[in-house]
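Reader: I am new to this structure and would like to know the grounds for the terms used about it. Please take me through them one by one.

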Protein chains: 2
Amino acid sequence: MFKIEANSDFSIHNLPYGIFSDKTEDKRIGIAIGDSVFDLTTAVKDGIFDQVPYECMLTGTLNEFIKLGKSITNGVRTKLQSLIASEDSSLNKYIVKQEAVTMHLPVQVGDYTDFYSSEEHATNVGKLYRDPENALMPNWKHIPVGYHGRSSSIVVDGTNIVRPQGQIKPSKLDSPFFGPTEALDFELETGFIIGKENKQGSSIPVEEAEEYIFGMVLLNDWSARDIQKWEYVPLGPFLGKNFATSISPWVIPYEALKPFLVKGPEQNPPVLDYLKVVGNKNIDLKLQVKINNTIVSNSNFKYMYWNMNQQIAHHSVNGCNLRIGDLMGSGTISGKDESALGSLLEISRGGKKKVALNDGSYRTFLEDGDTVTLTGYCEKDGKRVGFGKVSGQILPAKKN
Amino acid sequence: MFKIEANSDFSIHNLPYGIFSDKTEDKRIGIAIGDSVFDLTTAVKDGIFDQVPYECMLTGTLNEFIKLGKSITNGVRTKLQSLIASEDSSLNKYIVKQEAVTMHLPVQVGDYTDFYSSEEHATNVGKLYRDPENALMPNWKHIPVGYHGRSSSIVVDGTNIVRPQGQIKPSKLDSPFFGPTEALDFELETGFIIGKENKQGSSIPVEEAEEYIFGMVLLNDWSARDIQKWEYVPLGPFLGKNFATSISPWVIPYEALKPFLVKGPEQNPPVLDYLKVVGNKNIDLKLQVKINNTIVSNSNFKYMYWNMNQQIAHHSVNGCNLRIGDLMGSGTISGKDESALGSLLEISRGGKKKVALNDGSYRTFLEDGDTVTLTGYCEKDGKRVGFGKVSGQILPAKKN
């Protein structure tokens, strides 16, 4: 039987969905419980969840399951919670230890959008890349600024990241040169998975946006700052970002996160009507970044200026259609504190300040062999809902 | 039997692939010949092309067929050419009139990338949006600048386009307002479909790039200039573009376009080694844009500063993985002439000059009810290879 330690990320209040395989190599849908995985695919096959058609379990992604809608997917969670609470021994048959499985990408991502919704991060980056006096762009407090990222290069926790190469032009040179990035960085983000579709040409009202959030993951938006700096004007980041984006394997259902909703920062100037929200829409989600075994950031998702509901309303207000499985990144999550910065660009002040690691070495940006690990959890009134982790190790650039 | 008129886009030298349906509604793979469609799916079922597995014909997109590789897909074209040349009467069984079929999106697009590769267009837009004295960014002649677009909203020829709404901030106002775009535009582009994959972390050498181009389509990158202008700094275009992108239904195989390869513009300053090409890489492809029944532009794909080979090499040089079915847009194709501008933004000089239509009306940007049609063809030594058309009509904005 499974074991749920008191500080487990995967308490009975969580029950996140993921895609796993074990010796048989068939990809199945699992639900994390404590140190184990509940094999939902096999349980559905056995008729334990009679509202779930077995075909939805066989595609190797969560997309078809998500498509069933929240009344069914939440029904699965509620039923499993009561089976666990009643210590129903029939569960044992479907339990696999997490250490014995391989996790895969949870969804097939159609489109990946990355927002830029932390005021602290946007200000810090604006100061370093642009004008220190006018760090925040005039549109920033009116628009949850975002852009399209690359879906092909989204990888799951544990995937190694090859150091990218590209064009770099230091300001002291007249022309760019070609080489491996000298400013490889992480970005501490969360992501959410779209769980409902709107038709092209129709928008999603902000008050209905919650229905479109299936669940959340941790996200590391790997960035090559030197490549990005040279390429990004005027069409935005491209090769500086699209070589890899890592996400955690367990999708935390939005319903598991609702107990941790808190008020967000005041929005001033007031936002346009289609972005106005009522009630708590931010989440008190503690986040941490480690490089190897050194903690380099402690941040919190509650700092975000723009919330997910506003991001959905904005993204679709022009009639752009969102599809099930689409991934929306929050943008780097920085807080006001020095200890709450979500990227090395900010921590090292653009490469000027060295960051000490526990082993006595220093970093401005990432070195080959470094492993970056993001973790996060919500906790309140004895309830803990954790995200697990997303990590990745840097491999040297390919020889040309 | 089919008929091939002398000026048909779909000569025996072309044989483009598409996805069609007729009364049965099953989506099948077709090849355009003159006024007809050759039903490849049924022909494969009957064993006429024994190298093609029937399963590849049943997915409703070209992706699995393309995955077979060029030796097989080109083999299909060569065999069909000889069957047509020999006037083999067994062909008749597979012929459907084009007027009797519905065309669908030819591929499932994983990621859509849009480049910005016409020097004339980048200069014209730079003058209007930024600094007239420094219209071209310092990176432009070193990098085939591109960005990620939205794949969910790619639609096929004939799909109506709902006028998008969003935030607009005229320079005379302090704050943005919300409303339908007042500056809806087309962009004359071509697109190409990726036909071979590279592994994440590996790049595609420019001299091998041709193997990765399956074929080409016409592309209209609909744009809302006022929304775009307010949102695009610093992360690039987003809602100003992602409401819709239209493509033509027939994918012209790259092999059909090789007879029309020509030299591109001289690239000065010289490009970095990974972008250096030898031989002719531009295509003499005549392009035309109509608003309703008025021709508003006659341009040519041969004007492009950056070619597709360079775009592929650049896109993958950082290890970004391209997937079969990915769509790469050229960017707006403008020539030096006043008559060869690829967008209303340029033709109307940012909305300042009225464009006369044949019916006596004027446009600065598109009005509700307008239909924009792009066409294109290559012609040389009596051989004609045409692209058909991509058109779309503007519907009024949705009432909120």
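**Pockets, interface and backbone**

Author: α2 (63-67) of chain A and α2 (63-67) of chain B each supply at least two residues of the lining of the largest pocket. The model is predicted, so local features need pLDDT of at least 70 and side-chain atom pairs pLDDT 80 or more, while totals for chains, interfaces and linings use all residues. Residues are numbered from 1 along each chain as its sequence is written, chains are lettered from A and ligands numbered from 1 in the order in which they are written, and side-chain values use heavy atoms, without hydrogens and water.

Reader: Why is α2 called a helix?

Author: Helices are DSSP runs of H or I with at least four residues, strands are runs of E with at least two, and both are numbered from the N terminus. The run 63-67 in each chain carries the name α2.

Reader: What makes the largest pocket a pocket?

Author: On a 1 Å grid over the protein atoms alone, a pocket is an open set of points where a 1.4 Å probe fits, with protein on both sides within 12 Å along at least five of seven lines; a cavity is a set from which the probe cannot get out. The points are joined across faces, edges and corners, and the volume is the space filled by probe spheres set on them. For the largest pocket that volume is about 840 Å³. Its lining has 29 residues, and the closest to the centre are Gln108(A), Val109(A), Gln108(B), Gly110(B) and Arg323(B). A lining residue has an atom within 4 Å of a point.

Reader: Which elements line the second largest pocket?

Author: α4 (119-129) and α5 (225-231) of chain A each supply at least two residues, and α5(A) gives the most, with four. This pocket has about 710 Å³ of space and is lined by 24 residues, with Lys169(A), Pro170(A), Arg225(A), Asp226(A) and Lys229(A) nearest its centre.

Reader: How do you know that Arg150(B) and Asp111(A) form a salt bridge?

Author: The rule asks for a side-chain nitrogen of Lys or Arg within 4 Å of a carboxyl oxygen of Asp or Glu. In this pair the closest N and O atoms are 3.5 Å apart, so the pair meets the definition. The count between chain A and chain B is four salt bridges.

Reader: How many residues of chain A are in contact with chain B?

Author: Contact means heavy atoms within 4.5 Å, and 62 residues of chain A are in contact with 62 of chain B.

Reader: What is meant by the area the chains bury?

Author: Buried area is the accessible area (1.4 Å probe) that two parts lose on being put together, summed over both. Chain A and chain B bury about 5,300 Å² between them, 58% of it on carbon and sulfur atoms.

Reader: Where are the cis peptide bonds at Pro269(A) and Pro269(B)?

Author: One joins Asn268(A) and Pro269(A), with omega about 5°, and Pro269(A) is in the loop between β18 (261-262) and β19 (282-283) of chain A. In chain B the bond from Asn268(B) to Pro269(B) is cis, with omega near 5°.
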